[in-house]
Amino acid sequence: MPVRAPHRIAAKQGWRTPVQAAVLLALSPTLAYATCTATGTFVTSICDSGAGNTVHFTSDASSSVSVLTVTDHTAKSVALTVAENLLSAGPPPIYDTTGGPYNQTLNIQGATTLTTPDYSSVISQSYKADRNISVTVDPMVQISSTDGFGGVWVRNDTSGHIVVDSAGIIETFSPGSNSPDGINAVTNLGNATLTNRGAVTSHGYRGLYAENGDSNNAAPVPFTASITNTAGAVVQAYLAGARAINYYGLASIDNQGIIASTTRQGLVAWSPLGSVEITNSGTVTADDDHAIQAATDNGAITVTNSGTLTAHNNPAIPDVGGRALPLYGAIHAAADTSGNVTVTNQVGGQINAPDDYGIHAETTLGTVTVNNSAAITGASGISTKASGAVDITNSGSISAAGPSGTGIYVASASGGTLSNSGTLTGAGVALQTDSAALLAQISNQSTGTISGALHINGSTAVQNAGVLSLPANTTSTIAGSYAQGIAASTGTVRTHINASAQFGKLQVSGPATLPAGSKIDVVTGDAASCRNLGTGSTIPGVITSTNLSASTFVVTDDCSNVDFEAVINGNAVDLHAVTRVDGACGTAANLAALFKPAANLCAEGTASAVQEGNPWTWTCSGAAGGAAASCSAPNAPTGSGSGDGRASVSGNQWVVDEVASGGFIPLTGHPKSPSIAPPPNLIFPHGLFDIRLISGDPGTSATVTLTYPAALPPGTVWMKYGRTNANPSPHWYPYPGAVIAGNTVTLTLTDGGAGDDDLAQNRVIIDPSGPAYAPANNIPTLSQWGLMLLASLLALVSGRRLRRPQAR
């Protein structure tokens, strides 16, 4: 760091030399002018106004406190310095730096306007040891400087803390030999703290510059060099927007406002023997360099972004020679000798690097950690390199849009993991690790999607519970092992097929484990013709391994003419194109059915079991991935038109003769309606039921269950029409083999016995009957129902007795 002697600065400004100042020595502790107020002991006190005049106060070297406040003043410049004590003329000159501690404060207030055509506008300098300097610039202050070291230049050549807090409007120009920063704060053996709350424009150099510790000095304890650009503050610089340098200790930058640079970094912090911290919640734009560059020789690096970063490569600006690539990344963090590097892009952050990596993080000796929870868009996404562990977590989005862009690249690592639960896309390669990148595990979580080729060259275990989307005509390689699925989440391998029928494939050098139900998705972008892949076409080796463990697959596609099924072929998984068949309902659908439909259920596909209810329901499943069809048929209308009902038969091999059975029939008017009217005053609410059962075991019983549309009234009995053993002539009688509950009737019918109209054990049961009840005002007495039932039972018993001798 060059040391510019104060006496030469004074000569350049036309200020009085120390010899001249001695004549004007002022020992008053407080000096007051119309626009200048000073506290302390001064050997020079000038408060001239006007465009060509200066404000210059020089405190006595022994003064412990010196304060200068300039308010509503128009002048060329304002300076607060310390009287020199030249010990040797040199060269180089040597000054007396002993003394301290001292506090030197300069306040620029009100509507002060400073315009300097040939030097810095605000100067506060000291060569004394342990002298703390504080400079404050209020919001209405306007400063314009041409040449010099900065619009605001604060410097301690020996030691002491510096604090600069500016809310003013500062503009600097660089036509001469010197290039002024917007604000320059430099000290040795002390903290340099710079805060900008206003607007800074540097047309030829840096916007904000803070430095601590000359490289030739060895500080006994570390100090800090820090820059803060607050919310609403704006910096526009030709070179770096904000630059913090600390030779021994922490160098930090916190940007909450807007910073833009034309030819160099937006934010840059460096320390050879200390840590670097950069935080951005505002907006940083670098037209021809990194948006953020954080560098150490020996120290940790922490970069946190929740704002917007944009870095470009402007072809109109010549590249700076001798610099390591990459040059145009949004974030470049590197520990050249040793140190751990951590880069975080928090929720809300936006990183844009159309000409380079979004994030590059490396260390020669240490670990690298990169966390992305927001958006990274660049020619490439994330690049890392470390001797120790590399841990990368992406829960946001990474898009590497360059023609050969890489989503995530790991050059070297000793341990660590990579976990993706967001989206990762690489136009060239989505994910690449070199052979020196010995990550323990790469995991694509259930919500993660990786689109692009994979080149995993290190012996890393890869797990996929999300989607691996492999571009057409690419071969993704994994040198280690591959497992599809994490816990209960089964992953998907998606292969894209182009117009030349070239597809994406996955080759695993180690073992590949695909559990039952592993998913493969085929994307052609050609639903109509499926890239001319017809039935019988084969896509060989979509997944291959030296040791494949797999069983069943779920294969989906975007083709309308064919479907694909996965076939295990040794240590490979092939895809075969097959004809897709969608399920379709048969003619039984929508036709009223008394009994459970059994025929013509499906026109295409395979029928499921028919579910009982109103309506009857079943499914016709498709083939080769075809869609299933849901089918139904209503119950049959009752004989009286009271609603829909159904029936079922069970027991002893009995089945319904549906041709000869009448089903639900009316009481009169149907070919199978009885020819004799039922007993008077009986109401049949649902008509009659006519059934013919066949093929049962001789002499056995069948159970018939009927379901009516509504509950049967209290007092309902089952009235049967036909012959009995006691009375072989057709007649009406209540049937005791019926159980009535709600809207359900259960009949027990016996071949050749009760309920069988033909009275013969001939494997045929004929039963015309129905539920009946008497109206409320004509309900038969219990004795009447009893007499009817008793007569029926007696007739049945006597019939059996009469027939028994005949059987002999």
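In the predicted model, Lys-672 and Asp-690 form a salt bridge in which the closest N and O atoms are 3.4 Å apart. Lys-672 lies in the loop between strand 66 and strand 67, whereas Asp-690 belongs to strand 67, so the pair ties together parts that are 18 residues apart in sequence. Lys-672 is partly exposed, its relative accessible area being 35%, while Asp-690 is buried at 5%. Strand 67 (residues 688–694) also contributes Arg-692 to a salt bridge, this one with Asp-657, at an N to O distance of 2.7 Å. Asp-657 is situated in the loop between strand 65 (655–656) and strand 66 (663–665), 35 residues from Arg-692. With a relative accessibility of 15%, Asp-657 counts as buried because the value falls under 20%; Arg-692, at 26%, counts as partly exposed. A further salt bridge joins the side chains of Arg-155 and Asp-157, with 2.6 Å from N to O, and both of these residues are buried. Over the whole structure, nine salt bridges are found.

Four disulfides are found in the structure. When the bonded cysteines of the chain are numbered in sequence order, their pairing reads 1-2, 3-4, 5-8, 6-7. One of the disulfides joins Cys-36 to Cys-47, with an S to S distance of 1.9 Å, and is right-handed, with 75° about the S-S bond. Since Cys-36 lies in strand 2 (residues 36–39) and Cys-47 in strand 3 (residues 42–47), this pair ties together parts 11 residues apart in sequence. Cys-36 is buried at 0% relative accessibility, and Cys-47 is buried at 15%.

The sulfur atoms of Cys-530 and Cys-559 are 2.0 Å apart in another disulfide. A torsion of about 65° about the S-S bond makes this link right-handed. Cys-530 is placed in the loop between strand 53 (518–523) and strand 54 (538–550), and Cys-559 in the loop between strand 55 (553–557) and strand 56 (562–569), so parts 29 residues apart in sequence are tied together. Both cysteines are buried. The disulfide between Cys-585 and Cys-631 has an S to S distance of 2.0 Å and is left-handed, the torsion being about -95°. This pair links distant parts of the chain, with Cys-585 in strand 58 (residues 584–585) and Cys-631 in strand 62 (residues 629–633), 46 residues apart. Cys-585 is partly exposed, with a relative accessible area of 29%, whereas Cys-631 is buried at 5%.

The largest nonpolar core comprises 110 residues, and Leu-68, Val-152 and Phe-564 have the most contacts inside it. The residues touched by Leu-68 include the disulfide-bonded Cys-36, together with Val-55, Phe-57, Val-78, Leu-80 and Leu-106. Another core, of 23 residues, lies apart from the largest one and includes Phe-595, Ile-691, Leu-712 and Tyr-735.

An open, antiparallel sheet of five strands follows the order 63-64-68-72-71. Strand 63 (636–637) and strand 71 (738–741) stand at its edges, each with a single partner strand, so one side of each lacks a neighbour in the sheet. Within this sheet, strand 64 (residues 644–650) and strand 68 (residues 701–707) pair over five bridges in the antiparallel sense, with Val-649 opposite Val-704 in strand 68.

Gly-378, in strand 37 (residues 375–385), is buried at a relative accessible area of 4%. Its C-alpha atom is 5.4 Å from that of Gly-358, a residue 20 positions apart in sequence. Among the residues touched by Gly-378 are Ala-353, Pro-354, Asp-356 and Ser-399.

Terms used: Residues numbered from 1 in each chain as written. Predicted model: local features only at pLDDT ≥ 70, side-chain atom pairs only at ≥ 80, totals over all residues. Heavy atoms only, no water. Salt bridge = Lys/Arg side-chain N within 4 Å of Asp/Glu carboxyl O. Buried < 20%, exposed > 50% of the residue type's maximum accessible area, 1.4 Å probe, protein only. Helix = DSSP H or I, 4+ residues; strand = E, 2+ residues; numbered from the N terminus. Pairing = 2+ DSSP bridges. Core = buried A, V, L, I, M, F, W, Y, C linked by side-chain atoms within 4.5 Å. Contact = heavy atoms within 4.5 Å. Disulfide = S-S within 2.5 Å. Lists of a residue's contacts leave out its neighbours within four places in sequence.
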